[in-house]
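Trainee: I've got a model open and would like to talk it through with you. Can we start with the strands?

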Amino acid sequence: MSVLAWLIPISLMLGLVGLGAFVWALRNRQYEDPEGDSRRILSTDWDDRPKP
Amino acid sequence: MTAAVLPLASACPACDAVPAALAAAAGAAEGARGGIVLSLPTIHCASCIGDVERALAAVPGVRDARVNLTLRRVRVEAGPEVTAAALAERLERLGYPAQEMDAGALAATETDAAGRELLMRLGVAGFAMMNVMLLSVAVWSGAEAATRDLFHWISAAIALPTVAFAGQPFFRSAWASLRAGRLGMDVPIALALVLACLISVYETSLSGHHAYFDAAVMLCFFLLAGRYLDHRTRAIARGAAQALAALEVPRALRIRADGSAETVAVAALAPGDLVRVPPGARLPADGVVAHGESELDRSLLTGETLPVAVRPGDGATAGEVNLTGALELAVTAAGRDSSLARMAELVAVAEGARTRYTSLADRAARAYSPLVHLLAATAFLVWLERTGGDLRVALNIAAATLIITCPCALGLAVPAVVTAASGRLFRRGLLVKSGTALERLAEVDTVVFDKTGTLTLGAPEPVGLDSRPSAALALAGALGEGSAHPLARALAAAARARGLALPAVEALREVPGAGVEGRFGGRRVRLGRADWIGADALDATATYLDAGDGRPPHAFAFADRLRPGAAEAVAGLAAQGKRVILLSGDTPAAVAVFAARLGIAEARGGVRPEAKAEAVAALAAGGRRVLMVGDGLNDTAALASAHVSLAPASALDAARVASDIVLLGQSLAPVADAARLAVTARARIRENFALSALYNVVAVPIALVGLATPLAAALAMSLSSVTVTLNALRLGTGARR
């Protein structure tokens with residue numbers, strides 16, 4: 001059962017990473033324009049360098 | 001314009017250019033930030049985004065332009081020298097019709113802080129639920145002694161902060177309702193959360209078998225899901241309604257003492273100001289015509305189809321549309337004192353009088369809350385008595401009862417159905433603004449329609465054109481092109497629709513209040529009023545053409561054009577056994593003819609706005625539940641006093657605000673469907689209540705006799721929530737065509 005000492009912290013840590021990503025996405029307004037973002041990926045603008 | 005100097009803090013460089021990212025930091029400054037927002041109703045693809053953004057970025061002075069495809073609008077950050085009109089014109093030339101939106105009116109929806117806060121809590125609760133559930137499954141499948149205690153402690157470490165954070169909306173609302181001396185739905189929820197946490201910590205510290213951390217977190221998650229659905233439905237509706245309102249930017253052209261004009265906000269107008277109203281614009285204030293002659297479209301205010309001619313000295317009211325000539329108006333009453341604002345007061349009074357409707361959810365909660373508390377308290381006392389004062393057992397059972405009877409399913413029952421139904425109606429072009437509108441719509445047995453602008457498009461259509469010589473029609477169309485008058489426009493459109501080549505008319509000039517005049521083939525030709533042309537006036541709405549060839553003038557008669565789907569809507573509602581009534585401000589004769597055309601048995605013409613509201617109130621007093629469908633200011637009071645109300649998107653702002661449902665498309669056909677769907681939705685809500693009651697009937701006795709385990713609680717909770725949600729979703733997919 002000593003494996004639990006590793007597994008539980010690891011699983012919690014992974015979960016926290018997911019939660020952190022969700023919070024980041026929410027704060028960053030990633031859900032503002034889902035339709036537009038799904039189309040924007042198809043455009044070739046700013047493919048070579050980031051928009052100034 | 002402070003956006004450019006704000007420190008940038010986001011992680012990806014590309015996002016830094018996004019003004020939206022700044023808004024998070026700017027917070028409340030959003031409205032004051034300026035910026036231009038344009039609505040782009042036709043934008044739909046990846047290349048449209050590129051076109052629009054590139055075109056706008058090329059305009060000197062524009063710092064940034066970002067399209068939001070979901071909302072179909074673009075936000076432009078630009079220097080003060082850039083005007084919205086110039087940008088809109090540029091986009092129009094590219095083939096994207098654009099319209100300016102009032103950035104201030106949009107500010108509230110763009111920063112939907114409440115929605116994001118709820119989503120955040122939902123995410124945290126979801127994360128915690130998954131992890132605690134993982135540990136709980138290990139306990140249920142037989143973890144013993146030290147392992148079980150360890151798992152319980154870890155669960156506690158996750159669950160306690162989660163409940164403290166994610167449960168805040170419930171604690172706050174429970175506290176508010178307790179202070180007001182009521183027992184809302186949130187009181188048993190908050191109590192169950194607190195009790196579950198306390199008893200579990202206590203049990204764990206004594207290395208007991210049962211801990212309810214999973215139940216507490218799950219309770220939070222499911223209830224937050226219901227809350228979020230509810231909030232989102234409302235936010236979408238409110239956002240779309242505000243977007244409609246924001247399309248009308250309240251501005252006026254004020255004439256300075258030196259004769260030059262300046263653009264000012266309508267709110268800044270004062271009596272005595274002189275404003276210029278170009279053809280096609282809406283009058284910003286009440287006033288007296290000082291210069292110019294024109295015709296005014298009063299249909300939104302009075303329901304009259306025909307424009308009224310005005311000349312200097314005539315009075316005019318705010319909200320009327322100037323049609324043919326430029327006017328200069330001496331303002332007599334603006335803002336709060338204008339007749340528009342007085343009409344809005346009439347609406348406020350009518351809304352106050354509207355009987356307070358208690359929603360199905362409120363009624364359920366009112367029956368449910370006391371019952372749950374009573375059950376838990378009884379369980380506690382009975383077990384305290386039976387075990388001879390064993391506080392631990394009694395508290396455990398009381399907590400189990402509270403958790404098992406948790407209103408998860410109840411909390412989801414209404415929002416899930418309303419979300420599914422509003423989503424379906426939205427796809428059909430109906431925007432449900434109020435949460436209880438569907439329930440109220442389900443009760444409707446009488447439908448009152450307005451005529452002009454509601455059952456008709458408010459746009460006249462020429463009739464009997466086939467009997468006219470096509471040369472005359474082509475000439476009339478060519479003359480009609482030169483005017484903004486609805487009859488002239490309709491003639492021009494009809495001529496073009498018939499594929500006629502419109503002849504070139506020279507020296508085309510509009511004579512305000514009379515018609516259009518030009519030279520064709522060396523002769524003077526005129527299109528306009530009978531007395532101006534010298535023709536005998538027909539007994540119908542008509543315009544007259546003098547072809548200048550010495551022959552008697554041609555008369556073109558018009559009929560009001562039916563809104564598409566109007567006949568289906570009336571027939572569909574009648575087929576559902578509803579009483580259909582037509583109330584209009586137009587002349588009784590015109591209304592009677594029109595009602596006969598649509599097959600409406602009850603029709604009244606010449607009805608004043610107050611009389612409309614009174615008629616609706618009289619119907620309500622007679623025990624009828626009235627659905628009012630109208631668009632004009634003259635309908636607004638009636639819309640507000642009806643049981644449910646519906647307005648087309650072309651309606652005046654005040655009418656849309658007063659109504660519960662807004663029709664986004666042109667066709668009226670979805671109205672009958674909406675009435676049918678509302679009945680189905682109400683049935684689903686009732687089924688959902690029955691389902692969650694059924695779960696309680698099964699589970700509560702088990703909890704009362706002390707046999708409930710955390711596993712049973714978790715099962716009952718998730719099963720009932722899932723069943724209720726699935727039942728609601730049946731509505732969205734079941735009858736899709």
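Trainee: Which residue in E7(B) does Leu253(B) stand opposite?

Mentor: Quick housekeeping: this is a predicted model, where local features need pLDDT of at least 70, side-chain atom pairs count only at pLDDT 80 or more, and totals for chains, interfaces and linings use all residues. Residues are numbered from 1 along each chain as its sequence is written, with chains lettered from A and ligands numbered from 1 in the order in which they are written. Now, E5 (residues 251-255) and E7 (residues 274-277) of chain B pair in the antiparallel sense over two bridges; strands are DSSP E runs of at least two residues, helices are H or I runs of at least four, both numbered from the N terminus, and pairing takes at least two DSSP bridges. Across from Leu253(B) sits Arg276(B).

Trainee: What are the edge strands of that open sheet in chain B?

Mentor: The sheet has six strands with antiparallel pairing, in the order E6-E5-E7-E13-E8-E11. An edge strand pairs on one side only, and here those are E6 (261-265) and E11 (315-316) of chain B.

Trainee: How far apart are the end C-alpha atoms of H6 in chain B?

Mentor: Helix H6 (residues 113-140) has 28 residues, and the expected span is 1.5 Å times one less than that number. That should give 40 Å, and the model agrees, because the end C-alpha atoms are 39 Å apart.

Trainee: Which helix gives the most to the largest nonpolar core?

Mentor: A nonpolar core joins buried Ala, Val, Leu, Ile, Met, Phe, Trp, Tyr and Cys residues through C-beta atoms within 7 Å; buried means 20 or more other C-beta atoms within 10 Å of a residue's own, with C-beta atoms placed from the backbone. The largest one has 147 residues, and those with the most contacts inside it include Leu219(B) and Ile403(B). With 14 residues, the top contributor to this core is H26 (residues 670-704) of chain B.

Trainee: What share of chain A is buried?

Mentor: For comparison, chain B has 737 residues, 46% of them buried. Chain A has two helices and zero strands. Of its 52 residues, the buried part makes up 2%.

Trainee: Which helix supplies the largest share of the side of chain A that touches chain B?

Mentor: The contact takes 26 residues from chain A and 27 residues from chain B, where two residues are in contact if their C-beta atoms, placed from the backbone, lie within 7 Å. H1 (4-27) and H2 (34-40) of chain A each supply at least two residues of that side. The largest share, 10 residues, comes from H1(A).

Conventions
Buried ≥ 20, exposed ≤ 12 C-beta atoms within 10 Å, placed from the backbone.
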